[in-house]
Amino acid sequence: MNISPESVIDPSHTGIFVGRFESFGGAPSVAIKDCFDIAGEVTTSGSRALVGAAPANSDAEVVTRLRNAGYAIAGRANMHELAYGVTGINSWTGTPTNPNYPALLPGGSSSGSAVAVAKGLVDFAVGTDTGGSIRVPATCCAIVGFKPTFGRVSRLGAHPAVSSLDCVGPLARNVETIEKAMAILAPDWQSTVAGKADAKVAWFPLDGETAILAHVRDQAAACFTLVDADLPRFNEASDAGLTVIGRETWNACGHLTETGLVGRDVHDRLLMSAGIIDTQVAEAEAVRKEFAAAVDRLLDRFDVIALPAMTHAVPSLLEVASSAAPKPITLACRPFNLSGHPAIALPVGEVDGRPVSLQLVGRRGEDEKLCALARQVPIFSKGDA
């Protein structure tokens, strides 16, 4: 089926899916973010500007792997337009309602993927994370979100086709399902890795809301022995990530601003990105190299780094009155896209009625060990509040 403006909203789950495809028939099910190719379908990436694009000739590699593993593709999950935003608000396809926190943002850009999981519509979902786009919606919806090591999961058939930051990864209600998903998505996944009982965990005390930092640290300290540690150039890495994202997104999507069909928030961000100059990109790449080395050095001494996935409260829909999300939404996530290290967001409770998550970051290529340690963290669910 080709997606059209008239059929893009699924009436049974408004805002969550932009198209429903397969009946489950008792098979396990998965939601696929609308930036992955499915043969015969138009990949709109949540944008009206791409409705007239040619249908995909073949499935994205992750879709093929999921089908071969016996999973039914429940449908295309909604997303922040062109994956260029973290609120999950989409004026064309609709904004998925955060199931447990309906007044709060669903988060983005993998908004529909997170909501489909939190609502229990699928066994797990597949999203993409360029600067926090799996971990942020996972935090907003109080589920688990995993960004693998850069390149660990194939991006063949994912959009945009070229990215030095974007990672394909799963969202689920527990770590065990994340590992099950990764065993399908990454053919070299080692499922037998056990958690380390005496793990050395570095706590990175970055700036943020005091109550959130204290709560997340307390939850981490209940599971691991923490040692405060510094991570040089963290804030600079966050800014550098913005620069690289901006340049690469403009290269991939800038031409769509000429259609007049891109939503205002993304349209304006794209035009701002058009002004990024080569010198800024070169400076960002220098920061990337230095920061990645700093993370590696810290992980030479520790098994994982712990910090919040979001340092500030999940905003409400009313609080996000402008199109540009405040930087703190992705401040704690984006640096690890720049460095390429695996990171997982784990829901660990609420502060003032809003969900918070612990983020664990592991060594590049040791995704299995990171997930094994993440199993030691009790997962909060809204029913436990």
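The following legends describe close-up views of a predicted model.

**View 1. An edge-to-face aromatic pair between helices α6 and α8.** A search of the whole structure yields five aromatic pairs. One of them joins Phe234 and Phe291 in an edge-to-face arrangement, with ring centres 6.1 Å apart and 70 degrees between the planes. Phe234 belongs to helix α6 (residues 234-253) and Phe291 to helix α8 (residues 278-301), so the pair ties together parts that lie 57 residues apart in sequence. Phe234 and Phe291 are both buried. Together with Phe204 and Phe336, Phe234 and Phe291 make up one aromatic cluster.

**View 2. Surroundings of Ala294 in helix α8.** Ala294 has a relative accessible area of 6%; because the limit for a buried residue is under 20%, Ala294 counts as buried. With neighbours within four places in sequence set aside, Ala294 contacts Leu231 and Pro232. Gly40, by comparison, is separated from Ala294 by 254 residues in sequence and by 45 Å in space, C-alpha to C-alpha.

**View 3. Arg269 over the ring of Tyr84.** Arg269 is placed over the face of Tyr84, at 4.0 Å from the ring centre.

**View 4. The largest nonpolar core.** This core holds 51 residues, of which Phe36, Leu66, Val126, Ile344, Leu358 and Leu360 touch the most other members. The greatest contribution to this core comes from helix α4 (residues 175-185), which supplies six residues. Another core, of 35 residues, lies apart from it and includes Ala202, Leu206, Cys253 and Leu299. In soluble globular proteins, nonpolar side chains tend to be buried together.

**View 5. Contacts of Leu358.** Beyond residues up to four places away in sequence, Leu358 touches Trp203, Val216, Ala220, Ala306, Leu307, Ala309, Ile344, Ala345, Leu346, Val348 and Val377. Two of these partners, Val216 and Ala220, are among the buried residues of helix α5.

**View 6. The buried and exposed faces of helix α5.** Helix α5 (residues 210-221) has twelve residues, which at 1.5 Å a residue should span 16 Å; the end C-alpha atoms are 16 Å apart, in agreement with that expectation. Its buried residues are Ile212, Leu213, Val216 and Ala220. Viewed down the axis of α5, these buried residues fall within an arc of 95 degrees, so they line one face of the helix. The buried residues of α5 pack against β7 (200-203), β8 (225-228), β9 (304-308), β10 (343-351) and β11 (354-361). On the face turned away from the buried side, α5 carries the exposed residues Thr210 and Asp218.

Note on methods. Residues numbered from 1 in each chain as written. Predicted model: local features only at pLDDT ≥ 70, side-chain atom pairs only at ≥ 80, totals over all residues. Heavy atoms only, no water. Phe/Tyr/Trp six-rings, centres within 6.5 Å; stacked < 30°, edge-to-face > 60°. Helix = DSSP H or I, 4+ residues; strand = E, 2+ residues; numbered from the N terminus. Buried < 20%, exposed > 50% of the residue type's maximum accessible area, 1.4 Å probe, protein only. Lys NZ or Arg CZ within 6 Å of the ring centre and 35° of its normal. Core = buried A, V, L, I, M, F, W, Y, C linked by side-chain atoms within 4.5 Å. Contact = heavy atoms within 4.5 Å. Expected span 1.5 Å × (residues − 1). Arc of directions from axis to C-beta.
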